[in-house]
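User: Hi! I'd like to go through this model and ask what stands behind some of the labels attached to it. Could you show it first?

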Amino acid sequence: MNKRELEPGIFTDLAGRTTYGDYLQLDRLLSAQVPRSQPPHHDELLFIIQHQTSELWMKLLVHELMAVIRYIQADHLEPSFKIFSRVGHIQRMLFEQWSVLETLTPNEYLEFRGALGQASGFQSHQYRALEFLLGHKDAHALGPFRHMPGVHAQLELLLQSPGVYDEFLRHLSRQGHAVPADRVERDWREPYEKSAAVMEVFRHIYEAPEKHWDAYEMCEKLVDVEERFQLWRYRHMMTVMRVIGFKQGTGGSSGVGFLRKALDLRFFPELWDVRTELAPPAGR
């Protein structure tokens, strides 16, 4: 018989019990997709779900990176490596789901694009939190959140606080590495500027990884994060180009041109520059 019998221990009388739907609040979650096009266009649901799921993954990324910062502040790097493994998988999910949105053709998107009004991914406060946590600080980026006092306050706090890279440099200083004082204490609201002295610290670590294993491993974890972030940005840009070409973005940006500029930004510049400076060990 092509049938699976229910096991007798499976709960079927769930009155008064916590259910799957209760725990996940599925009534709220699954009622949050509200197309605005009139008449409703079939593909608008895809667009909404794509961006809602991205926001859920970004929420988890922010949660994980905050934990990484706490471990670094405690000079306890090893637990963060497990977290970075999870971060990598989350980033992969964010990257791969662009392929779903790429099934949306230009004419299909034009059927409901007007319903977005001025809504734009630039207004994602969780994306902004990620950038602040990773070191891309820009006080002007708080502008779209002035009408949301709670969100604005959260982002302002992140803007004023050291990011992951800042905390790593402070950790290295506490461990006796020659990190310059202006990288240990500075105005955290300002974007990070690369330092030749910091690159020398990393060159020292990379030339003798067996002596600085945790620091060396952290360097590579950070490079992994930035590489995946840049690939995500690139895939976003290509998806936008595929769907709307070079039209202006709904939020008022130049669209593809604005997204392309982000590809020139670096979170951890010395970790990329040091690769150029490394030489083979003596005698090889």
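Analyst: Happy to; this is a predicted model, and below we take its salt bridges, surface, pocket and cavities in turn.

User: What makes the contact between arginine 174 and aspartate 75 a salt bridge?

Analyst: The closest N and O atoms of arginine 174 and aspartate 75 are 2.8 Å apart. A salt bridge needs a side-chain nitrogen of Lys or Arg within 4 Å of a carboxyl oxygen of Asp or Glu, so the pair qualifies. The two residues link distant parts of the chain, 99 residues apart: arginine 174 sits in helix α9 (residues 164-174), and aspartate 75 in the loop between α3 (44-73) and α4 (78-96). In the whole structure, the search finds 15 salt bridges.

User: Why is arginine 174 called partly exposed?

Analyst: Its relative accessible area is 42%. Buried means under 20% and exposed over 50%, so arginine 174 falls in between. Aspartate 75, at 33%, is also partly exposed by those cut-offs.

User: How do you know that lysine 194 is exposed, and which residue does it meet in a salt bridge?

Analyst: Lysine 194 has 55% relative accessibility, and exposed means over 50%, so the label holds. The partner of lysine 194 is aspartate 273, with 3.2 Å from N to O. Lysine 194 is in the loop between α10 (181-184) and α11 (196-207), while aspartate 273 is in helix α14 (residues 269-277), 79 residues apart. Aspartate 273 comes to 24%, which is not under 20% and not over 50%, so it counts as partly exposed.

User: What makes glutamate 207 and arginine 203 a salt bridge, and where do they lie?

Analyst: Their side chains meet at 2.9 Å, N to O, which is within 4 Å, so the criterion is met. Glutamate 207 and arginine 203 both lie in helix α11, four residues apart, about one turn of the helix. Elsewhere, salt bridges that share partners join Arg128, Glu131 and Arg233 into one network.

User: Why does tyrosine 20 count as exposed, and which surface patch is it part of?

Analyst: With a relative accessible area of 64%, tyrosine 20 is over the 50% cut-off, so it is exposed. Tyrosine 20 belongs to helix α1 (residues 20-24). Tyr20, Tyr23 and Leu24 form a nonpolar surface patch, with about 420 Å² of accessible area together.

User: Which residues are closest to the centre of the second largest pocket, and which helix gives the most to its lining?

Analyst: The pocket holds about 400 Å³ of space. It has 18 lining residues, and Val62, Met66, Ala129, Gln154 and Leu158 are the closest to its centre. Helix α3 gives the most to the lining, with six residues. By class, the lining has 10 nonpolar, five polar and three charged residues.

User: What makes the largest cavity a cavity, and how is its lining classed?

Analyst: A cavity is a set of points where a 1.4 Å probe fits but cannot get out, so the label says that this space is closed to such a probe. The largest cavity has a volume of about 40 Å³, and the search finds two cavities of 30 Å³ or more. Its lining is made of Leu61, Leu65, Val87, Gln91, Leu130, Leu134, Val225 and Phe229. Seven of these residues are nonpolar, one is polar and none is charged. Gln91 is the polar one, because Leu, Val and Phe count as nonpolar.

Notes:
Residues numbered from 1 in each chain as written. Predicted model: local features only at pLDDT ≥ 70, side-chain atom pairs only at ≥ 80, totals over all residues. Heavy atoms only, no water. Buried < 20%, exposed > 50% of the residue type's maximum accessible area, 1.4 Å probe, protein only. 1 Å grid on protein atoms, 1.4 Å probe; cavity = no way out; pocket = protein on both sides within 12 Å on 5 of 7 lines; lining within 4 Å. Points joined across faces, edges and corners; volume = space filled by probe spheres on them. Patch = residues over 30% accessible without salt bridge, like charges linked within 9 Å, V, L, I, M, F, W, Y side chains within 5 Å. Areas by Shrake-Rupley, 256 points an atom, 1.4 Å probe, with all protein chains shown as cover.
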